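Dear colleague,

I am passing on the structure we spoke about, so that you can open it beside this email and follow along. Please read the notes below with the sequence and the 3D view in front of you.

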Amino acid sequence: MASLITATNISKVYHKTSVPVRAINNLSLEITEGEFTAIVGPSGCGKTTLLNILGGLDQPTSGTVTINGVDISRMKDSELIDFRLRNIGFVFQAYNLIPVLTALENVEFIMLLQKRSRKERLARAKELLEQMNIADKADNRPGELSGGQQQRVAVARALASNPRFILADEPTANLDSVSTENLLDLMARINRERNATFIFSTHDERVMNKARRLIRLVDGAIVSDEVRP
Amino acid sequence: MLAILAWRNVWRHKGRSAVVIGAMVVGIWSLTFGGAFMNSFLLSYIQTAIRHEVSNGQIHHPEFTKDYDTRFTIAEPQRVVAFLNENESVVDVARRSIVNGMIASTRQATGVKIVGVEPGEEARVTELDSLLSEGSYFEGVAGNPVLLGKRLAEKLKVKVKSKVVLTFQDIQGNITAGSFRVAGILDAISNTIDETSAFVVRDDLNRLLGVEGAVHEIAYTTLPGTDDEQLADAIQAAFPDETVRSWRDLSPLLVFMEQWMGATLQILIIIIMLALAFGIVNTMLMAVLERVREVGVMIALGTRRSRVFLMIMIETLFLSTVGGPVGLLAGYATISWLGKRGIDLSDYSAGLESIGYESVLYPKLFISDYLMIVAGVLITAFLASLYPAWKAIRMQPVDAIRGV
């Protein structure tokens, strides 16, 4: 399988206090297309930082990240914004939907940024909400949805742009067990059916159990990398 | 969708937005009404000056205005009057003979501008009769009647029916004098009328000047809305040997006051809009800072910073301008109502009239003033949006998502 993401010797050092903090420590990693990968580890081990760097939200202090052969680690801010729009889907722990837009409009929003036609946007947004079993809430605003429902809208939004991979930072942290199960089943199904690449950061056992690859981080370095059948 | 997003964001905190929108409504209403009220003062002054002094236009021999030499009379006054009377814009016409001379009572003497008028014409053109405070309008005395301003009468220590002597050069350059009786005392706002003018019947003056039918000045009034410059040009074209001037040429002070109206409104707009701008910036900053995460997520998802900037600008524009039409309509309604009814300041009329204003003022705002206010609101909205929008685009998505 071709490599989708290649991180080579990346480090991230924060200088916000008098003592520099090394969040990622000379880490190298390869993700191939279609993976369903969980990055796990204790709090403060660098999961979110790694995800941010892989997603082009943050840049490594040293090392390189290439996505589909394109080095994103030295891209300009405006180039990164466009790159994220075309290549990466995000699912956040706190859902982070736009509260004044309906579920349908939230899914449509990203396609609008991609300058797709209104007809195409509407059709795709409806289709995705149906796949997420939330079509009946299309006209509801996030405030009128449960946490599980909001997170399903967030996944639909992440998929809407046809990204090369989806980064999900602790996607189940705020969900109850039923919502978690539903969401994980949905994402696993999309992974299987569409060969969509998912990378999670989590310390939720249920996510770990579903993942087909488990990368364990401690102090910003990979301590184990387990691929499951 | 950016516009939809911005519009919905405005209504996210209804109460907070309502306060800003309410402030804009009150601010714009204050501007329109305040501007119209100030205009009413200045227009009142200008109208009073036109009505009682300069009229809408005057015609002279080109040489006469230089040093009031009585030899320079209007060549064909009857033809000029006939031309004016035929013009639909002209309401009334008054002919005058003018000479500078001396006025003497038994106790005092002073320099004076002697104006020979046709009483009926003058009453229609300058409402000279309305200024009468004592005596009668060229009547009630034996001999040549004269009307004097109150201050001039006080200076000469004369009363109604007192005798005065007017001395001046006749058309041949000889000194001549005539005896006149004070028929009435005028109480005028104008210093010229009050202190330095003596009004006599034109035929009486012409007889002493030694030239029958002489006319040195023709003044005319026009219908409201007449373009006095254009009319003056038309008369000038018909009578190229005379000098025709509209009130704007005759009184630079009135032109200055007219220009001052616009300048005052501009100053008022700047003051009120500056105050409102701080309120808008404050509200928008709050709106942006409490949406740090949301804006960060938008940038993370792929929204260009320029679009975020635009969204905040549109949001500010909505917040600033949604109250605009309401404020303008409220102002327009107030001005329309008071413009017909008038604002009665008769409690202060003595003071007002002494400085050239009328006791009932009619607020008026011109279309250009409304446009200036609209432009002021738009510029304010634009400027007020810059800082919050700049704050928004400086957010780093990774910090914003983390909630820093």
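What follows is a short account of the contact between the chains and of one helix.

Please keep in mind that this is a predicted model, with an ipTM of 0.90 and a pTM of 0.74. For chain B, the mean pLDDT is 89, and 97% of its residues reach 70 or more.

Where the two chains meet, 17 residues of chain B are in contact with 18 residues of chain A. On the chain B side, the elements that give two or more residues are helix 1 (2-10), helix 12 (292-301) and helix 17 (397-402), and of these it is helix 12 of chain B that gives the most, with six residues. Sorted by class, the side of chain B that touches chain A holds nine nonpolar, three polar and five charged residues.

In chain A, I would ask you to look at helix 3, which spans residues 103-113 and is mostly covered, since ten of its eleven residues are buried. Among the buried residues are A:Leu104, A:Val107, A:Phe109, A:Ile110 and A:Leu113, but also the charged A:Glu105 and A:Glu108. The buried residues of helix 3 of chain A pack against helix 2 (77-87), helix 4 (118-131) and helix 5 (147-160) of chain A, and also against helix 12 of chain B, the helix that gives six residues to the side of chain B that touches chain A. After helix 3 of chain A comes A:Lys115, whose phi is positive, near 60 degrees.

With best wishes

How values were computed
Residues numbered from 1 in each chain as written. Chains lettered and ligands numbered in written order. Predicted model: local features only at pLDDT ≥ 70, side-chain atom pairs only at ≥ 80, totals over all residues. Contact = placed C-beta atoms within 7 Å. Helix = DSSP H or I, 4+ residues; strand = E, 2+ residues; numbered from the N terminus. Buried ≥ 20, exposed ≤ 12 C-beta atoms within 10 Å, placed from the backbone. pLDDT = per-residue confidence, 0-100.
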